[in-house]
Amino acid sequence: MKYGDFMKNIFGITYNDLETYFINNGDKKFRTTQLYDFLYKKRVYDLNIMNNIPNTTKEKLRNDFDFSFIKILKKQEDEDVKKYLFELADGNRIESVLMFHDYGTSLCVSSQVGCNMGCAFCESGRLKKVRNLETYEIVEQLLLIEKDAKVKITHVVVMGIGEPFDNYDNVMNFIRIVTSNKGIDMGSRHITVSTCGVIPGIMKFMDDFNQVNLAISLHAPNDEIRNKIMPISKAYKLNDLMDTIKLYIAKTNRRVTFEYIMLDGVNDSLENAKELAKLIKGMNCYVNLIPYNETENIAFKRSKKVQILAFYDILKKNNIAVTIRREFGGKVDAACGQLRAKTF
């Protein structure tokens with residue numbers, strides 16, 4: 001079976017769209033609440049067990065929707081982290097990472113098979129984009145991992161393989177399903193979408209989801225460095241990106257996260273820290289400094305600890321809110337920039 005040959009998967013249907021489906025088929029509107037309750041509250045996926053839904057409705061659902069799941073192929077575990085390798089219906093593979101924090105559990109989901117952004121330091125981008133993930137393929141990452149790990153996922157970060165704003169509609173429908181109070185009912189402020197700076201996506205996002213967190217993969221304080229390590233910078237210049245972020249903050253009143261991977265001898269000098277402080281000074285934001293996770297296929301090296309701390313100090317002295325990210329999953333290639341959907 002080729003991708004696209006199968007019918008619409010039920011786990012990719014938003015509450016509003018499902019409600020429209022029932023109404024258009026002459027059924028009761030409240031069937032939507034009943035079905036969502038089974039799928040996302042009770043986690044019952046067998047129509048035969050859904051005893052308050054009429055047989056005629058069940059038969060219609062069987063004919064119109066696919067209730068199948070993607071598959072967990074393998075799982076690796078490290079301290080406070082589990083990495084999952086999934087196989088999709090067309091044989092493509094993706095990865096997700098479950099992390100255990102003191103405030104709860106967070107799941108890093110993928111949004112594409114491969115990625116076209118081509119960031120030089122990122123293992124995920126070595127596989128060029130094959131296709132976008134369908135909404136259900138993102139939703140099912142969460143459902144399957146919760147079942148396997150026997151945990152309630154409290155936070156989601158769309159930071160896995162792929163650029164979320166390059167798959168805008170499917171990612172936004174994923175958020176609608178996850179935040180529906182009839183379904184999974186996760187708070188919007190517990191979800192973070194990370195982009196490397198797709199300006200049209202940010203502009204749409206500020207209108208569609210002004211309570212969901214936005215993170216920007218910045219990684220450089222100027223266009224000269226950013227052009228070398230992030231090809232998207234050639235399409236969307238840093239000053240234009242900063243102007244867009246200022247618009248976003250003014251419209252949503254939400255704080256933006258700037259992610260900054262520390263690359264030895266590339267973007268980690270004290271002058272770079274001063275440039276970064278000047279670039280974002282006065283903005284409602286904070287900087288997340290990320291010690292680089294080295295991989296066997298890419299030559300970049302992690303900044304030395306003393307350099308990271310010195311960079312951090314300069315930002316603090318300039319009244320920039322800054323943290324150094326706690327490291328997760330480096331031993332199982334589950335850390336930031338290491339996901340690749342390889343068979344491990």
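**Close-up views of salt bridges in a predicted model**

**View 1. Lys-82 and Glu-77 pair up in a salt bridge.** In this predicted model, the closest N and O atoms of Lys-82 and Glu-77 lie 2.8 Å apart. The two partners sit in unlike surroundings: Lys-82 is buried, with 14% relative accessible area, whereas Glu-77 is partly exposed, at 47%.

**View 2. A network of salt bridges takes in Lys-82 and Glu-77.** Stepping back from the pair, you will find Lys-75 and Asp-148 linked with Lys-82 and Glu-77 in this network.

**View 3. Arg-93 meets Glu-87 in a salt bridge.** Here the closest N and O atoms are 3.7 Å apart. Arg-93 is partly exposed, with a relative accessible area of 27%. Glu-87 also counts as partly exposed, at 22%.

**View 4. Arg-131 and Glu-137 form a buried salt bridge.** Their side chains meet with an N to O distance of 2.9 Å. Are these residues buried or exposed? Both Arg-131 and Glu-137 are buried.

**View 5. The protein chain as the setting for these close-ups.** To help you place the views, the chain has 10 helices and 12 strands, and 55% of its 344 residues count as buried. Its radius of gyration is 21 Å, which agrees with the value near 20 Å for a compact globule of 344 residues. The C-alpha atoms fill a box of roughly 70 × 45 × 35 Å along the principal axes. Salt bridges number 18 in total, and the mean positions of the 50 positive and 43 negative charges are 2 Å apart.

Terms used. Residues numbered from 1 in each chain as written. Predicted model: local features only at pLDDT ≥ 70, side-chain atom pairs only at ≥ 80, totals over all residues. Heavy atoms only, no water. Helix = DSSP H or I, 4+ residues; strand = E, 2+ residues; numbered from the N terminus. Rg over C-alpha atoms; globule rule 2.2 N^0.38 Å. Buried < 20%, exposed > 50% of the residue type's maximum accessible area, 1.4 Å probe, protein only. Lys, Arg positive; Asp, Glu negative; His and termini not counted. Charge placed at Lys NZ, Arg CZ, Asp CG, Glu CD. Salt bridge = Lys/Arg side-chain N within 4 Å of Asp/Glu carboxyl O.
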